[in-house]
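Trainee: I'd like to learn how to read a model like this one, feature by feature. Could you walk me through it?

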Amino acid sequence: MLRTMLVFFAVALLLIGFLQSANATAPCHLNRNEIAKLLRDEYSEIPVSLGLLNNGNLFEIFASDTGTFTMVMTFNNNKISCVMGGGVGWHRLPKKNSGKKT
């Protein structure tokens, strides 16, 4: 649980930094499906994580097996998606057993 909270906190901090610098430069003219197709076709990136923000916007991370990744925000009010940032070196963390019996 603590590790999950730390990961979400780290992503939130990164998002704040990208939002501040990306507002003027982020491509925001495609819908989510167009961006997903572009990322899949050009970079072999697929959605690996997503979350719904309190304001209804969708935040997703697309990543490839080679470690490239892209952060995408889809705005609830107009369904337009923006590339918020991206990079290299994405690592998928192994799922940990919570220790609870199901």
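Trainee: Let's take the secondary structure. How many helices and strands does the chain have?
Mentor: The chain has 2 helices and 5 strands. Keep in mind that this is a predicted model. Going from the N terminus, the order of the elements is α-β-α-β-β-β-β.

Trainee: And how much of the chain is buried?
Mentor: Of the 102 residues in the chain, 25% are buried. As for the surface, the chain exposes about 7500 Å², and 61% of that comes from carbon and sulfur atoms. You can look at sequence separation too: of the contacts between residues at least 6 apart in sequence, 36% join residues at least 24 apart.

Trainee: Which residues form the largest nonpolar core?
Mentor: That core has 8 residues: Phe59, Ile61, Ala63, Phe69, Met71, Met73, Cys82 and Met84. At least two of its residues come from each of strand S3 (58–63), strand S4 (69–74) and strand S5 (80–87). Another core, of 5 residues, lies apart from it, and Ile35, Ala36, Leu39 and Phe62 are among its members.

Trainee: Let's turn to aromatic rings. What do I look at?
Mentor: Two things: a pair of aromatic rings is described by how far apart the centres are and by the angle between the planes. The structure holds 1 aromatic pair. Here the ring centres of Phe69 and Trp90 are 5.4 Å apart and the planes are at 45°, so the pair counts as tilted.

Trainee: Why does this pair tie together separate parts of the chain?
Mentor: Because Phe69 sits in strand S4 while Trp90 belongs to the segment after S5, the pair links parts that are 21 residues apart in sequence.

Trainee: Are the two partners buried, exposed or partly exposed?
Mentor: Phe69 has a relative accessible area of 17%, so it is buried, given that the cut-off is under 20%. Trp90 is at 27%, which makes it partly exposed. Beyond its neighbours within four places in sequence, Phe69 contacts Glu45, Ile61, Phe62, Ala63, Gly85, Gly86, Gly87, Val88 and Trp90.

Trainee: Now the charged side chains. What's the general idea?
Mentor: Side chains of opposite charge can pair when their charged atoms come close. Searching the whole structure turns up 4 salt bridges. Take Arg32 and Glu60: their closest N and O atoms are 2.9 Å apart. Since Arg32 lies in helix H2 (residues 32–43) and Glu60 in strand S3, this salt bridge ties together parts that are 28 residues apart in sequence.

Trainee: What about the accessibility of those two?
Mentor: Glu60 is buried, with a relative accessible area of 1%. Arg32 is partly exposed, at 23%.

Trainee: Which salt bridge should I look at within helix H2?
Mentor: Try Lys37 and Asp41, whose side chains meet at 2.6 Å, N to O. Both lie in helix H2, 4 residues apart, or about one turn of the helix. Lys37 is partly exposed at 45% relative accessibility, and Asp41 is partly exposed at 43%. A network of salt bridges links Lys37, Arg40 and Asp41.

Trainee: Where do Arg92 and Asp65 lie?
Mentor: Their side chains form a salt bridge, at 3.4 Å from N to O. Arg92 is in the segment after S5 and Asp65 is in the loop between S3 and S4, so the pair joins parts 27 residues apart in sequence. Asp65 is exposed, with 77% relative accessibility, whereas Arg92 is partly exposed at 43%.

Trainee: Let's try a polar residue. Is Thr70 buried or exposed?
Mentor: Thr70, which lies in strand S4, is buried, with 9% relative accessibility. Its side chain makes a polar contact with the side chain of Glu45, at 2.7 Å. Leaving out residues up to four places away in sequence, Thr70 touches Leu39, Glu45, Glu60, Ile61, Phe62, Val83, Gly85 and Gly86.

Trainee: One last residue: where is Asn77 found?
Mentor: Asn77 is in the loop between S4 and S5, and it is exposed, at 69% relative accessible area. The C-alpha atoms of Asn77 and Asn55 are separated by 9.6 Å, and the two residues are 22 apart along the chain.

Notes
Residues numbered from 1 in each chain as written. Predicted model: local features only at pLDDT ≥ 70, side-chain atom pairs only at ≥ 80, totals over all residues. Heavy atoms only, no water. Core = buried A, V, L, I, M, F, W, Y, C linked by side-chain atoms within 4.5 Å. Buried < 20%, exposed > 50% of the residue type's maximum accessible area, 1.4 Å probe, protein only. Contact = heavy atoms within 4.5 Å. Phe/Tyr/Trp six-rings, centres within 6.5 Å; stacked < 30°, edge-to-face > 60°. Polar contact = N/O pair within 3.5 Å; in protein donor to acceptor, adjacent residues only side chain to side chain. Areas by Shrake-Rupley, 256 points an atom, 1.4 Å probe, with all protein chains shown as cover.
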